[in-house]
Amino acid sequence: MSHAATTLDLLDRSRESLTSGYAAPSASARYLAASLAALRAGAAIVAARSASRPGAGLASGGDGPHDVWALTARVAPELTEWAQRFSAATGQRVGVETGLVRVTAREADDLLRDAETFVDLAAGRLGVPSVHRPRRLAPVRSA
């Protein structure tokens, strides 16, 4: 798969995660979907910018695991604040997945809105038109 196809696939999957987040029946499911949407959009930025700038992103960081948010800040410094926001959410995500951390509906909704904004920013930076569909948040439980 080419870098362009990978980037477009990641953006499409990011949008699918947003759709799942809006329909999620619980705050934790909404939070996880929002985190995944942002992560995929960040990965799309890294994939596209790393391909266009040799030495940026994955190639310059060694052979070990890589943090998408650190790479996003490196290849797209203008998105550093967003990367920091979602890095913090990713840290909390493990706790939410295991049930050790509970998020409120407000926290989940805020992250979902931020993820949607970030997906649109990522698409714009990559020259892909934003897709705006009317969305309605499903009622959620705060657990």
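**Exercise 1.** Is Glu78 buried, partly exposed or exposed, and what is its relative accessible area? Determine also how its salt-bridge partner Arg49 is classed, and where the two residues lie.

*Solution.* The model is predicted, and the assignment of Glu78 starts from its relative accessible area of 40%. Since buried means under 20% and exposed over 50%, Glu78 is partly exposed. Arg49, with a relative accessibility of 16%, counts as buried. The side chains of Glu78 and Arg49 meet in a salt bridge, at 3.0 Å from N to O. Glu78 lies in the loop between α3 and α4, whereas Arg49 belongs to helix α2, so the pair ties together parts that are 29 residues apart in sequence. As a last step, salt bridges that share partners join Arg49, Glu78 and Arg125 into one network.

**Exercise 2.** Describe how Arg85 and Asp114 are paired, and assign the accessibility class of Arg85 and of Asp114.

*Solution.* Arg85 forms a salt bridge with Asp114, in which the closest N and O atoms are 2.8 Å apart. The pair links distant parts of the chain, with Arg85 in helix α4 and Asp114 in helix α5, 29 residues apart. Arg85 has a relative accessibility of 30% and therefore counts as partly exposed. Asp114, at 24% relative accessibility, likewise counts as partly exposed.

**Exercise 3.** Establish how many salt bridges the structure holds, and then analyse the one between Arg30 and Asp109.

*Solution.* The structure holds eight salt bridges. In the one formed by Arg30 with Asp109, the closest N and O atoms are 2.7 Å apart, which satisfies the cut-off of 4 Å for a salt bridge. Arg30 lies in helix α2 (residues 27–52) and Asp109 in helix α5 (residues 105–125), so that this pair ties together parts that are 79 residues apart in sequence. Both Arg30 and Asp109 are buried.

**Exercise 4.** Work out the relative orientation of helices α3 and α4, and characterise the residues by which they touch.

*Solution.* The axes of helix α3 (residues 68–75) and helix α4 (residues 80–98) come within 9 Å and cross at roughly 180 degrees. Because angles over 145 degrees count as roughly antiparallel, α3 and α4 are roughly antiparallel to each other. On the side of α3, the contact is made by Trp69, Thr72 and Ala73, and on the side of α4 by Thr80, Ala83, Phe86, Ser87 and Thr90. Sorted by class, these residues comprise four nonpolar and four polar ones, with no charged residues in the contact of α3 with α4.

Terms used
Residues numbered from 1 in each chain as written. Predicted model: local features only at pLDDT ≥ 70, side-chain atom pairs only at ≥ 80, totals over all residues. Heavy atoms only, no water. Axes fitted to C-alpha atoms, helices over the stretch in contact; angles between N-to-C directions. Helix = DSSP H or I, 4+ residues; strand = E, 2+ residues; numbered from the N terminus. Parallel < 35°, antiparallel > 145°, perpendicular 65-115°, else oblique. Contact = heavy atoms within 4.5 Å. Nonpolar A, V, L, I, M, F, W, Y, C, P; charged D, E, K, R; others polar. Buried < 20%, exposed > 50% of the residue type's maximum accessible area, 1.4 Å probe, protein only.
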